[in-house]
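Subject: Handover of a structure

Dear colleague,

Please find below the sequence and the structure that I am handing over to you. My notes on what was found follow directly after them.

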Amino acid sequence: MVSAPRLVIAAPASNSGKTTVATGLMAAFAARGLAVSPHKVGPDYIDPGYHSLATGRPGRNLDAYMCGPELIAPLFAHGSAGCDLAVVEGVMGLYDGASGQGELASTAQVAKLLKAPVVLVVDASSQSRSVAALVHGFASWDPQVRIGGVILNKVASDRHEALLRDALEESGLPVLGVIRRAPQVATPSRHLGLVPVAERGAEAVDAVRAMGERVRAGCDLDALMALARTAPALPDAPWEPAYAPAREASGPVADGPRPVVAVAGGAAFTFAYAEHAELLAAAGAEVVTFDPLRDEKLPAGTAGIVVGGGFPEVYAPELSANEPLRRAVTELARAGAPVAAECAGLLYLARELDGKPMCGVLDAEARMSGRLTLGYRQAVAVSDSVLAVAGTRMRGHEFHRTVLEPGAGSTPAWGMHQPERRVEGYVERGVHASYLHTHWAASPEVARRFVAHCRAR
């Protein structure tokens, strides 16, 4: 049974202040000594970094498109085990989800799957009485979505607050918080959203502290906790990485030495789902993190490499300057070692990025582009690789402002079926490199297969 008290923090639209409020609530409750479990609806990697900083626990994603609705409650139960409170930050507007897929992957769908009360964060900066009509519309749109209260954000003055409260009295929904305009709770953005925590250091700590103080001063934390406790128990068993691979037809995890899987981290490679490392470990690997910006050697005994997403375009000169590590990655890849690269990892394996030499594992060049590539994807594996057998179907997500030329090798990684038909990525020797971000919890055999290839070397 899943019984953790929980809140979903949603908004009518993007840029209403969800991240500030959700992160601030996490920090404020953690400051009270509570164990707070942080979650984020959708595929976003950056917000969970701030959540983790606020709570001291891994920020975890709940993505009903990539993982399927049936895994939302089990993944939530896995992340929130032993916690006093779970805070789930929504994505976009409350009812916005995968394009053309109805409510799929929306905050509203996740709230219903978790049977969690919703707190609606409203940007009140340009309205007064109209706020009541807005809140009423969102509260009545889907009777299965239970909006338990409102937090008013970007309120200008005492007079403005009084007007908003008077208007909302008729809505029947309590005002659980009022947050004034405050530049100190803002976080800097760039071409793919907020600047990740790993790049900001002490500035990120200060920002999260400011969010917590602002939310603590403006919100009724006791009322919010009482609302969270109204969430009923869920019958779902927690997702378990140790069990997920063992359910596959290929049999139990092999005994023997644990192959070292080196996972890229540091400021240039911050995009990772916590479940990936857990699945690799459950499949029998020793997971060791390395930083391509600082480390000149791969971890001792490395049998395979995982290079996820991030911002290599921001650090191209520094990555290029670390020639010893680039050479080590290239030599291991050319020797046939398993290498899994997603998005930023794809760029790192290319011949060059914005004119700066990279690893040269792939005969391709990458550069920044003015065009944003963004959206969910349906994909099928084109050929056998260290991650999947040909014909394997997976769902994923693309999110980048770079282009790779050519975009696919002689043996592509994926055939895409949404939004257009195309092939993409590279499968060469033990390398699987692609722009596609995937969530391995939905396909735990990916980790099992990768570790098996590492063990076979």
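By the rule that rings of Phe, Tyr and Trp (its six-membered ring) pair if their centres lie within 6.5 Å, the count of aromatic pairs comes to seven. One of them is formed by Y95 and W141, with 6.4 Å from centre to centre and 55° between the planes, and it is tilted (planes under 30 degrees apart count as stacked, over 60 as edge-to-face and the rest as tilted). Y95 lies in the loop between strand 4 (85–89) and helix 4 (107–114) and W141 in helix 5, so the pair ties together parts that are 46 residues apart in sequence. W141 is exposed, at a relative accessible area of 66% (buried means under 20% relative accessible area, exposed over 50%, and partly exposed in between, with a 1.4 Å probe and protein chains only).

In the pair of F269 and Y348, the ring centres are 5.6 Å apart and the planes stand at 70°, so this pair is edge-to-face. F269 is in the loop between strand 10 (260–264) and helix 10 (274–282), while Y348 belongs to helix 13 (residues 344–349), so parts 79 residues apart in sequence are tied together. F269 is buried, with a relative accessible area of 4%, and Y348 also counts as buried, at 1% relative accessibility. In addition, ring pairs link Y45, F271, Y273 and F311 into a cluster.

Before going further, please note that this is a predicted model, in which local features need pLDDT of at least 70 and side-chain atom pairs count only at pLDDT 80 or more, whereas totals for chains, interfaces and linings use all residues. Residues are numbered from 1 along each chain as its sequence is written, and side-chain values use heavy atoms, with hydrogens and water left out.

Y348 is also met by V329, a residue that touches L298, I305, Y348, L349 and C359, not counting residues up to four places away in sequence (contact means heavy atoms within 4.5 Å). V329 sits in helix 12 (residues 323–334) and is buried, at a relative accessible area of 1%. From V329 to V361 the C-alpha distance is 8.3 Å, although the two are 32 residues apart in sequence.

Another buried residue is Y65, at 1% relative accessibility. Y65 is placed in the loop between strand 3 (60–62) and helix 3 (72–80). Leaving out residues up to four places away in sequence, Y65 touches A98, L104, A105, Y376, R377, Q378, R395, G396 and Q418. The C-alpha atoms of Y65 and S106 are separated by 9.1 Å, with their positions 41 residues apart along the chain.

I turn now to the packing of helices. Helices (H or I, at least four residues) and strands (E, at least two) are DSSP runs, numbered from the N terminus. Axes are lines fitted to C-alpha atoms, for helices over the stretch in contact, and angles run from 0 to 180 degrees between N-to-C directions.

Helix 1 (residues 18–31) packs against helix 8 (residues 202–218) at an angle of about 85°, with the axes 7 Å apart. Helix 1 is therefore roughly perpendicular to helix 8 (angles under 35 degrees count as roughly parallel, over 145 as roughly antiparallel, 65 to 115 as roughly perpendicular and the rest as oblique). By class, their contact has eight nonpolar, five polar and one charged residues (Ala, Val, Leu, Ile, Met, Phe, Trp, Tyr, Cys and Pro count as nonpolar, Asp, Glu, Lys and Arg as charged, and the others, Gly among them, as polar).

The axes of helix 1 and helix 9 (residues 221–228) come within 12 Å and cross at roughly 100°, which makes helix 1 roughly perpendicular to helix 9. Here L25, A28 and F29 in helix 1 meet L221, L224 and M225 in helix 9, and the contact comprises six nonpolar, no polar and no charged residues.

For helix 5 (residues 130–141) and helix 6 (residues 158–168), the axes come within 8 Å and cross at roughly 45°; the two are therefore oblique to each other. V131, A132 and V135 in helix 5 meet L164, A167 and L168 in helix 6.

Finally, some remarks on the backbone. A cis peptide bond, with omega about -5°, joins E405 and P406. M92 is not a glycine, yet has a positive phi of about 50°.

Yours sincerely
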